[in-house]
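Me: I should like to go through this structure in a series of questions, each answered with its reasoning. Please begin once the sequence and structure are shown.

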Amino acid sequence: MVKGPGFYSDIGKKARDLLYKDYQNDRKFTLTTYTTSGVEITSTGLKKGNVYLADVATKLKNKNITTDVKVDSNSNLFTTVTVDEPSPGLKTIFSFIFPDQKSGKVELQYQHEHAGISTSLGLTAKPIVNFSGVVGNNLVTLGTDVSFDTASGNLTKYNAGLSLTHSDLIASLSLNDKGDTLIASYHQNVNILTNTAVAAEFSHSFSSHENKLTIGTQHALDPLTLIKARVNNHGRATAHIQHDLSIRTRFSITAEVDTGAIDKSAKVGLALALKP
């Protein structure tokens with residue numbers, strides 16, 4: 001794949017991943033196995049409150065074509081077929097959910113040295129068309145994300161974003177929700193050897209005048225153990241530890257407390273991923 005500025009979804013992604021990815025307040029178990037023909041099978045069980053959810057997913061790669069099929073506990077069948085680089089820099093993705101007849105979608109992604117474009121079209125009589133694109137280089141990226149409903153003739157989404165990169169620091173600014181929400185984020189690598197980094201994200205809603213600030217950090221205690229922590233201006237503090245018991249086994253625990261109601265019990269989430 002051609003290296004470039006990425007896609008619109010990559011603006012602010014490093015900060016979002018540090019602040020929100022892997023934090024798990026539920027009980028989750030994942031088992032991944034492989035057949036002799038190379039099919040990857042992943043079974044997932046999730047206890048969310050008093051509700052138990054499960055799904056089974058398969059992945060098959062044949063040359064540059066990847067087929068993903070997943071069945072969940074609600075009998076929904078998710079299918080995605082990805083054709084990687086039928087021509088340089090291009091990726092084609094077909095997806096649909098059975099039995100939802102309106103879920104079919106085709107997406108084209110194209111990466112260039114100085115641009116990244118993604119466009120999708122719903123496979124219906126009057127589809128929703130989405131376009132996102134960025135231009136830039138390894139220092140500055142500017143992009144937009146727009147959706148148009150051909151049935152109503154209205155723009156259902158229009159966002160814009162800017163990302164600046166300098167050495168080990170990435171700063172981004174985006175205007176989302178049709179111009180109602182302003183989000184600024186910051187990510188910096190402090191020590192690459194120990195995977196130490198810090199991040200912050202600030203959001204402001206112009207309609208509700210609500211502000212939210214989240215700051216966080218991560219640090220690798222050793223090559224097998226990573227700790228993460230975050231806190232926001234609403235007083236919620238969260239810590240996460242993940243430890244690789246072996247090359248194919250990862251155990252994670254997350255705890256969250258409301259510092260404004262310290263007498264309440266902390267929310268604790270557990271996750272175990274096995275790849276025999």
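Me: Is Arg230 buried or exposed in this predicted model?
Reply: The model is predicted, and in it Arg230 has a relative accessible area of 17%. Buried means under 20%, so Arg230 counts as buried.

Me: Which residue meets the side chain of Arg230 in a salt bridge at 3.8 Å, N to O?
Reply: The cut-off for a salt bridge is a nitrogen within 4 Å of a carboxyl oxygen. Arg230 lies in strand 16 (residues 225–232), and its partner lies in strand 18 (residues 249–258), 26 residues apart. That partner is buried at 9% relative accessibility. The residue is Glu256.

Me: Which residues are joined into one network by salt bridges that share partners?
Reply: Arg230 and Glu256 meet in a salt bridge. Salt bridges with shared partners extend this to a network, whose members are Arg230, Glu256 and Arg236.

Me: How many salt bridges are there by this rule?
Reply: The rule asks for a side-chain nitrogen of Lys or Arg within 4 Å of a carboxyl oxygen of Asp or Glu. Among the pairs that satisfy it are Glu256 with Arg230 and Lys157 with Asp145. The count comes to 6.

Me: How many residues apart in sequence are the parts that Lys48 and Asp26 tie together?
Reply: The side chains of Lys48 and Asp26 meet in a salt bridge of 3.2 Å, N to O. Lys48 is partly exposed at 47% relative accessible area, whereas Asp26 is buried at 14%. Lys48 belongs to strand 2 (residues 40–48) and Asp26 to the loop between helix 1 and strand 1 (27–34), so the salt bridge ties together parts whose separation in sequence is 22 residues.

Me: How far apart are the closest N and O atoms of Lys157 and Asp145?
Reply: Lys157 is in strand 11 and Asp145 in strand 10, 12 residues apart. Lys157 is partly exposed, with a relative accessible area of 28%, while Asp145 is buried at 10%. The two form a salt bridge, and the distance between their closest N and O atoms is 3.1 Å.

Me: Which strands each supply at least two residues of the nonpolar patch?
Reply: The patch covers about 570 Å² of surface and is made by Val135, Leu139, Val140, Leu142, Leu162, Leu164 and Leu173. One of these, Leu162, lies in strand 11 and is partly exposed at 31% relative accessibility. Patch residues need over 30% relative accessible area. The strands that each supply at least two residues are strand 10 (140–149) and strand 11 (154–166).

Me: Which element gives the most residues to the largest nonpolar core?
Reply: This core has 5 residues: Ala15, Leu18, Leu19, Ala197 and Ala199. Two or more of them come from each of helix 1 (13–20) and strand 14 (196–205). With 3 residues, the element that gives the most is helix 1.

Me: Which residues of this core does Ala199 touch, leaving out those up to four places away in sequence?
Reply: The contacts of Ala199 include Tyr186, His187, Thr214, Ile215 and Gly216. Those that belong to the core are Ala15, Leu18 and Leu19.

Me: Which side chains make polar contacts with the side chain of Thr196?
Reply: Thr196 is found in strand 14 and is buried, with a relative accessible area of 15%. Beyond four places in sequence, Thr196 is in contact with residues including Gln188, Asn189 and Gln218. Polar contacts of 2.6 Å join its side chain to those of Thr194 and His219.

Me: Where does the residue with a cis peptide bond from Phe98 lie?
Reply: Most peptide bonds are trans. The bond from Phe98 to Pro99 is cis, with omega near 15 degrees. Pro99 is placed in the loop between strand 6 (90–98) and strand 7 (105–112).

Me: What is the phi of Ser75?
Reply: Most residues other than glycine have a negative phi. Ser75 is in the loop between strand 4 (65–72) and strand 5 (77–84), and is exposed at 57% relative accessible area. Although Ser75 is not a glycine, its phi is positive, at about 65 degrees.

Definitions and conventions:
Residues are numbered from 1 along each chain as its sequence is written. This is a predicted model: local features need pLDDT of at least 70, side-chain atom pairs count only at pLDDT 80 or more; totals for chains, interfaces and linings use all residues. Side-chain values use heavy atoms; hydrogens and water are left out. Patches are made of residues with over 30% relative accessible area and no salt bridge: like charges are joined within 9 Å, nonpolar side chains (Val, Leu, Ile, Met, Phe, Trp, Tyr) within 5 Å. Accessible areas come from the Shrake-Rupley method with a 1.4 Å probe; for residues, only the protein chains shown count as cover. Helices (H or I, at least four residues) and strands (E, at least two) are DSSP runs, numbered from the N terminus. Buried means under 20% relative accessible area, exposed over 50%, partly exposed in between (1.4 Å probe, protein chains only). A nonpolar core is a set of buried Ala, Val, Leu, Ile, Met, Phe, Trp, Tyr and Cys residues joined through side-chain atoms within 4.5 Å. Contact means heavy atoms within 4.5 Å. A polar contact is a pair of N or O atoms within 3.5 Å; within protein, one must be able to donate a hydrogen and the other to accept it, and residues adjacent in sequence count only if both atoms are side-chain atoms.
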